[in-house]
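Thanks for making time this morning. I would like to walk through one model with you, beginning with a loop and then working inwards.

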Amino acid sequence: LAAATLRGVTQRPSGKWQAQLYYAGKSRYIGVFDSKEKASLAYEIAREVLKTDKGEDGPANAEETDRNVTLARKAAFAGVNEHSAN
C-alpha cells in the first residue's frame with residue numbers, strides 16, 4: 001500500500017484530512033486537519049475522551065451525547081494545537 005490507512009481518518013476532496021468516530025450508534029464528526037497525522041491524533045484524543053468504563057452505561061440522552069461529543073471535539077483540537085506548538 002502506498003499510504004497506511006488510519007482509523008477514523010479520511011481524505012477530503014480538498015486534500016485535507018477529516019477525523020470522525022462512531023459514538024452512541026452514529027458517526028460523529030471531529031474536524032478537518034491539514035495532515036493525516038493531525039487528524040489521527042484528533043481521533044485518538046476524542047476516542048479517549050468518549051471512552052466509558054466497562055461497567056458504565058453510555059450517554060443517557062441526546063443532549064448528553066451532544067455535550068460529550070462537543071467536549072471530545074474541543075479536547076481533540078486543543079491536543080492537536082498543543083502538539084503542533086511543541
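Let me start in the loop between strand 2 and strand 3, where we find Ala24. Please keep in mind throughout that this is a predicted model, and that what I quote is computed from it. The phi angle of Ala24 is near 55°, which is a positive value in a residue other than glycine. Is Ala24 buried, exposed or partly exposed? Its relative accessibility is 46%, and because buried means under 20% and exposed means over 50%, Ala24 counts as partly exposed.

Stepping back to the whole chain, the secondary structure comes to 2 helices and 3 strands, and along the sequence these elements follow the pattern β-β-β-α-α. Of the 86 residues in the protein chain, 28% are buried. The chain exposes about 6000 Å², and carbon and sulfur atoms supply 49% of that area. As for contacts, if we take those between residues at least 6 apart in sequence, 46% of them join residues at least 24 apart.

Now to the interior. The largest nonpolar core has 16 residues, and those with the most contacts inside it are Ala19, Leu21, Ile30, Phe33, Ala39, Ala42 and Ala46. At least two residues of this core come from each of strand 2 (17–23), strand 3 (26–33), helix 1 (36–50) and helix 2 (62–85), and helix 1 gives the most, with 5 residues. To take one member of the core, Ala46 touches Leu21, Ile30, Ala72 and Ala76, if we leave aside residues up to four places away in sequence.

That brings me to helix 1, which has 15 residues and reaches 21 Å from its first C-alpha to its last, close to the 21 Å expected at 1.5 Å a residue. Which residues of helix 1 are buried? They are Ala39, Ser40, Ala42, Tyr43, Ala46 and Leu50. These residues cover an arc of only 160° around the axis, and they therefore lie on the same side of helix 1. The general background is that an α-helix has 3.6 residues a turn, so residues three or four places apart point the same way. As to what covers the buried residues of helix 1, the list includes strand 1 (9–11), strand 2, strand 3 and helix 2.

To close, I would return to Ala46, which is among the buried residues of helix 1 and also among the residues with the most contacts inside the largest nonpolar core.

Definitions and conventions: Residues are numbered from 1 along each chain as its sequence is written. This is a predicted model: local features need pLDDT of at least 70, side-chain atom pairs count only at pLDDT 80 or more; totals for chains, interfaces and linings use all residues. Side-chain values use heavy atoms; hydrogens and water are left out. A nonpolar core is a set of buried Ala, Val, Leu, Ile, Met, Phe, Trp, Tyr and Cys residues joined through side-chain atoms within 4.5 Å. Buried means under 20% relative accessible area, exposed over 50%, partly exposed in between (1.4 Å probe, protein chains only). Helices (H or I, at least four residues) and strands (E, at least two) are DSSP runs, numbered from the N terminus. Contact means heavy atoms within 4.5 Å. Accessible areas come from the Shrake-Rupley method with a 1.4 Å probe; for residues, only the protein chains shown count as cover. The expected span of a helix is 1.5 Å times one less than its number of residues. The arc is that of the directions from the helix axis to the C-beta atoms.
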